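Hi,

Here is the structure I promised to pass on. Have a look at it first, and then read my notes underneath.

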Number of protein chains: 2
Amino acid sequence: MNIERPAIPSFQPPVRTLLGPGPSDVPPRVLAALARPTVGHLDPTFIAMMDEVKTLLRYAFQTRNELTFPVSGPGSLGMETCFVNLVNPGDKVIVCVNGVFGQRMVENVRRLGGTAVIVEDAWGEPVDPAKVEAAFAANPDTQLFAFVHAETSTGALSDAATLAAIARRHGALTIMDCVTSLGGVPVLLDEWGIDAAYSGSQKCLSCTPGLSPVSFSEQAVARIRARQTPCPSWFQDLGLVLGYWSGAKRTYHHTAPVNPLYGLHESLVILAEEGLEAAWRRHRENHLRLRAGLEALGLHFVVREDARLPQLNSVWVPPGIDEAAARSRLLNEFGVEIGAGLGALAGKVWRVGLMGHSSRPANVVLCVAALQAVIRG
Amino acid sequence: MNIERPAIPSFQPPVRTLLGPGPSDVPPRVLAALARPTVGHLDPTFIAMMDEVKTLLRYAFQTRNELTFPVSGPGSLGMETCFVNLVNPGDKVIVCVNGVFGQRMVENVRRLGGTAVIVEDAWGEPVDPAKVEAAFAANPDTQLFAFVHAETSTGALSDAATLAAIARRHGALTIMDCVTSLGGVPVLLDEWGIDAAYSGSQKCLSCTPGLSPVSFSEQAVARIRARQTPCPSWFQDLGLVLGYWSGAKRTYHHTAPVNPLYGLHESLVILAEEGLEAAWRRHRENHLRLRAGLEALGLHFVVREDARLPQLNSVWVPPGIDEAAARSRLLNEFGVEIGAGLGALAGKVWRVGLMGHSSRPANVVLCVAALQAVIRG
C-alpha cells in the first residue's frame, strides 16, 4: 500500500446559530429525518415519498406544474438544469444582473452557446422593469428572459409579477431564480406566469444544503421537447430524469440522494403545517424586529425599504470596524454565523439571514446583542 | 392561494436489508453523523473537515493526487464531471462497453461533441485487453480511454492495471469508473496510472447516496488547464470548483451539502479504521459464503469465476420463476432488497449486493434462506 492509513477521528461539528445567507438552522425534526434508515431508490415506499415531495413542492411554489421535483444537487445545479435544457446554441436570452447570481446566469447562457443581453442594475437595487422593456424593444428576437427574484448577494427583492408579464408580452419564456425567496416571501409561479424556477433546500426551507427544487411550465416542457440539438448534459437532461421522477413506470436514471430527500420531505411537511402565509408573516415580523435592533446600533441597510428581503438583511459595515474580525468574534464568542459581502460588496457589508427555522425572535435578540458587543467593543 | 395546503405526515421509512446494487445498508454511525447540527459551508471547522475528507479519499483511492474530492451529486454527476472537463469537441475517446455504465460513458462523449470509438464485450464479460489494443492500433489519434472497472449492471470486474497500461503506451489518458469497486476490491489509482476516476458514496463506502468522490492526476489537470474551449458546465468546471476545495483561501463556489459530507467523512473514517486490505478480504470471504449458498440453491452466476465482483453477484433467474414477484416477496416478507437486471439483462438476472456494511455473514444467511423460501415455496 503506497498511501498509509490516516488516523482521523469522527467529526463533531460545533453548534452554531446560522444567521448568514444560508444554510439556515436545520430544525431537529429535519435532522432526525436525515438519520432514518436508508431504503433503496426504487423501493415502493420511497417512490410514494417522492410523489409526496412533488405535491409539497407544488404547494410551496404555488403551481400545478406536473414537472416539479428536486434536482439531486445544490441550487447552482438547479440553475444549470434550467439553462442547459432551455437554452439552445444561438438563442438570445435577456438576463438581469443586479448581483452575483445574475452574473452566474450570464455564465450559464454563454457556456451553452447562447447570447446574453444583459440588463444591469446597481448591486442592492431591484431589477428595473423599464430597462427590461427597453431590452425587449431592442431585441425582439429574444426567446428567454431570466432574473433573480431574491438576490442573495445583496438582499434585494425584484417584482417578479411585473417582470414576467413583460417577457410574456414579448413572447419569451421566463426563468426565475427563487433560491432565497421560496418559503420566505410570496412565490406564485402560476399566478405570475413563470416558466422555469429553481430554488435551494438550505434557505427558507431549512433543510441541509444539497437539493434544488425546480418547476417547469407546460410551455417550458414543450420548448424542451422541441429541441433540435441534444441536451449537452446527460445527468441534467430532463427527458431522461423524468422517467424516474414521474409517470407510471419509474425507471432508473441515477441513484437519488435518499436520506437528504427524507430531510427535504420533512422540511416541506413543516412548511405545510405552518402554512405559507404564516411563514411569510413570520419572516416579515422577525425582519422588522431585527431592523429595529440594527438601526438602534446605528447600522444602515444596503437595500431601500420597499425592496428589502425580510429573510436577508444586508447592512453597511460601520467605519473603523474590521469586518472579518467582527464576524470571527461573532462566531467564536457567540456561535453566531453571519455572512460577508460577495463580489462588488466584499468587505463592505454584512448579510444577516433570518431564513426558515432561523427566523425566530430569540435569534433576533441574540444577533443584535452579539453585534452590539462586537461593534462597541 | 391557488394551491391548497397538503396534509402529508412525516415519512417513516421501513427498515430494509439492502442487498441490491446500491445503496447498501448505512451503518448507525453514519446515520448519526448525518443528523449532527448543520454548520456553514465556510465555517473554519467545516473547511478542516473537508481537508480530512480529501485525505481519507486519497487513502481509499490509493493516490497522491492533490485534486481528490467529492462532487456534490450522485455518481453519474461524478462521471459527467470527468468527461465534461476532459473531453473537448472533436476529441476521440476509446470507450469500453460491457454493460449499462459503459454505454452511459458513450452518451457523455457524444453530447460533448467528442467521437466515441466503442470497444464492445458481451454483458457479463470483463473488458478484453486485446480488443483495446486493436482499437488503439486502428485509432492512433485517440486522446482519452474510458472503461468501467466494476460493471454494476453485470457484476464483472475488468483488469484495470492492464487496460490503463495499454492507454499509456498509446499516449492516451485513462478515465475509470470505480463506482462499485472502491472499498470492495483493490483500487490503486497511482500504481495503475489512472488519470481520472469517479465513484459513489452509496456502494462499498455505505454512505447515503448523493456524493461522488473523484480524483484527477497531474496529467489530467494539465489537460484541463490547456483547454481551448470553456468547460460547457459552470457547475462542474473544475477550475472553479477548486477554489472552494483547495488552496489557502477557500472561496465560495456553491453551497456544499454539509450533512451528507458529515456522513461521507464518517464512512471513510470507518473504512480507514478497518483498513483497505481487511475490507477487501471481508468482501471476498462473504462473497464465497454467498456463492456456496446460492449454488446450493441451484443458481448459476452470470460472470465467469475469475472476473466476478465479490460485492455484486449476478445470477440467472431459474426457469419458471416470476423474477419481479420473487423480488417483491423478498422485500415484503423478509425486508430484503435485491436488484433486478438492467438493459440487456432485464428480467433475466438478479443482482445480489454485499457492499460495505451490507457485507456481513448474517446478511448472507438471511439472503440465502429468504431466496430459498421464495424459490422453493
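Below is what turned up, going from the two copies to the sheets and then to one residue.

A bit of bookkeeping before that: this is a predicted model, where local features need pLDDT of at least 70, side-chain atom pairs count only at pLDDT 80 or more, and totals for chains, interfaces and linings use all residues. Residues are numbered from 1 along each chain as its sequence is written, while chains are lettered from A and ligands numbered from 1 in the order in which they are written.

**The two copies.** A turn of 180° with a shift of 0.0 Å along the axis lays chain A on chain B with an RMSD of 0.0 Å (superposed by least squares on the C-alpha atoms of residues with pLDDT of at least 70 in both). That is how a two-fold axis relates things. Both copies use the same surface, as 100% of the contact residues of chain A recur in chain B (contact: C-beta atoms, placed from the backbone, within 7 Å).

**The sheet in chain A.** Seven strands make an open sheet in the order 2-10-9-8-5-3-4, with mixed pairing. Helices (H or I, at least four residues) and strands (E, at least two) are DSSP runs, numbered from the N terminus, and two strands pair if DSSP finds at least two bridges between them. Strand 2 (67-71) and strand 4 (115-120) of chain A each have a single partner strand, so one side of each has no neighbour in the sheet. From one strand to the next, the twist averages 15° (axes are lines fitted to C-alpha atoms, for helices over the stretch in contact; angles run from 0 to 180 degrees between N-to-C directions). Strand 3 (residues 92-97) of chain A runs parallel to strand 4 of chain A, joined by six bridges; there, A:Lys92 stands opposite A:Thr115.

**The sheet in chain B.** Here, too, seven strands form an open, mixed sheet in the order 2-10-9-8-5-3-4. Strand 5 (residues 144-148) and strand 8 (residues 173-177) of chain B pair in the parallel sense over five bridges, and B:Phe145 has B:Thr174 as its bridge partner.

**One residue to find.** Is A:Arg284 buried or exposed? A:Arg284 is partly exposed, because 14 other C-beta atoms lie within 10 Å (buried means 20 or more, exposed 12 or fewer, partly exposed in between, with C-beta atoms placed from the backbone). A:Arg284 sits in helix 11 (residues 276-296) of chain A.

Cheers

Technical notes. Contact = placed C-beta atoms within 7 Å.
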